[in-house]
Amino acid sequence: MISENDLDEIGYFTMFDKNNVPKNAFEAYSQWVEGKILTKGLERQMENTLGLVGEVGEVAEKLKKSIRDKTELSKDDMIKELGDVLFYTAALANLYGSTLKKVADINQEKLNSRQARNKLHGSGDNR
Ligand SMILES: [Mg+2]
């Protein structure tokens, strides 16, 4: 039987953050994304940014077609497109010297702060 000491020795208790997300999952994904990037420099910045915008557009397009054609929205298709959005988000985070984990942490801190100050409504990046 595995003891608590065994788990401590392999670092089990430090593998998850306060939200029970494995600490290294985002980092591993960010590294994996980096291995798929085909462009460099300004070309990469343009390709990754336009890729992100395009994939967000695909999410909107699937919803639009579902409404227009009165068909059921495929959750599986939406999840696939969200994966594409995630890919380009990670690619851009890498490009700007960050990681998907840092992007998630910063976003979480920002929204928690807004919620604590009752500022989830309204507009402005720095409210
Ligand atoms: Mg796509």
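**Exercise 1. How are H3 and H4 oriented to each other, roughly parallel or roughly antiparallel?**

Before starting, note that this is a predicted model, in which local features need pLDDT of at least 70 and side-chain atom pairs count only at pLDDT 80 or more, while totals for chains, interfaces and linings use all residues. Residues are numbered from 1 along each chain as its sequence is written.

*Solution.*

Step 1. Locate the elements: the chain has five helices and zero strands, and from the N terminus on they run α-α-α-α-α. Helices (H or I, at least four residues) and strands (E, at least two) are DSSP runs, numbered from the N terminus. Helix H3 covers residues 41-68, and helix H4 covers residues 75-95.

Step 2. Read the geometry: H3 and H4 pack at an angle of about 160°, with their axes 9 Å apart. Here the axes are lines fitted to C-alpha atoms, for helices over the stretch in contact, and angles run from 0 to 180 degrees between N-to-C directions.

Step 3. Apply the cut-offs: angles under 35 degrees count as roughly parallel, over 145 as roughly antiparallel, 65 to 115 as roughly perpendicular and the rest as oblique. H3 and H4 are therefore roughly antiparallel to each other.

Step 4. Look at the residues that meet, where two residues are in contact if their C-beta atoms, placed from the backbone, lie within 7 Å. The contact includes Leu 52, Val 56 and Val 59 of H3, and Leu 82, Val 85 and Leu 92 of H4. By class, the residues of this contact divide into 10 nonpolar, five polar and seven charged. In this scheme Ala, Val, Leu, Ile, Met, Phe, Trp, Tyr, Cys and Pro count as nonpolar, Asp, Glu, Lys and Arg as charged, and the others, Gly among them, as polar.

**Exercise 2. Compare the end-to-end spans of H4 and H5 with the spans expected at 1.5 Å a residue.**

*Solution.*

Step 1. The expected span of a helix is 1.5 Å times one less than its number of residues.

Step 2. For the 21 residues of H4 the expected span is 30 Å, and the end C-alpha atoms of H4 are 30 Å apart, which agrees.

Step 3. For the 17 residues of H5 the expected span is 24 Å, and the end C-alpha atoms of H5 are 24 Å apart, which also agrees.

**Exercise 3. Describe how H4 packs against H2 and against H5.**

*Solution.*

Step 1. The axes of H2 and H4 come within 9 Å and cross at roughly 85°. That makes H2 roughly perpendicular to H4. Tyr 29, Ser 30, Val 33 and Glu 34 of H2 meet Phe 87, Ala 90, Ala 91, Ala 93 and Asn 94 of H4, and this contact has six nonpolar, two polar and one charged residues.

Step 2. H4 and H5 pack at an angle of about 100°, with their axes 8 Å apart. These two helices, H4 and H5, are therefore roughly perpendicular to each other. Thr 89, Ala 90 and Ala 93 of H4 make this contact with Leu 100, Lys 102 and Val 103 of H5.

**Exercise 4. Is Ala 93 buried or exposed, and which residues does Ala 93 touch?**

*Solution.*

Step 1. A residue is buried if 20 or more other C-beta atoms lie within 10 Å of its own, exposed if 12 or fewer, and partly exposed in between, with C-beta atoms placed from the backbone.

Step 2. Ala 93, found in helix H4, has 20 other C-beta atoms within 10 Å and is therefore buried. In the chain of 127 residues, 10% count as buried.

Step 3. Not counting residues up to four places away in sequence, Ala 93 touches Ser 30, Ser 98, Thr 99, Leu 100, Lys 102 and Val 103. Ala 93 and Val 103 are 10 residues apart in sequence and 7.1 Å apart in space, C-alpha to C-alpha.

**Exercise 5. Which places do Lys 70 and Asn 118 take in the chain, and what is the phi of each?**

*Solution.*

Step 1. Most residues other than glycine have a negative phi.

Step 2. Lys 70 lies in the loop between H3 and H4, and has a positive phi of about 50° although it is not a glycine. Lys 70 counts as exposed, because it has 7 C-beta neighbours inside 10 Å.

Step 3. Asn 118 lies in the segment after H5, with a positive phi near 55°. Asn 118 is exposed as well, with 8 other C-beta atoms within 10 Å.
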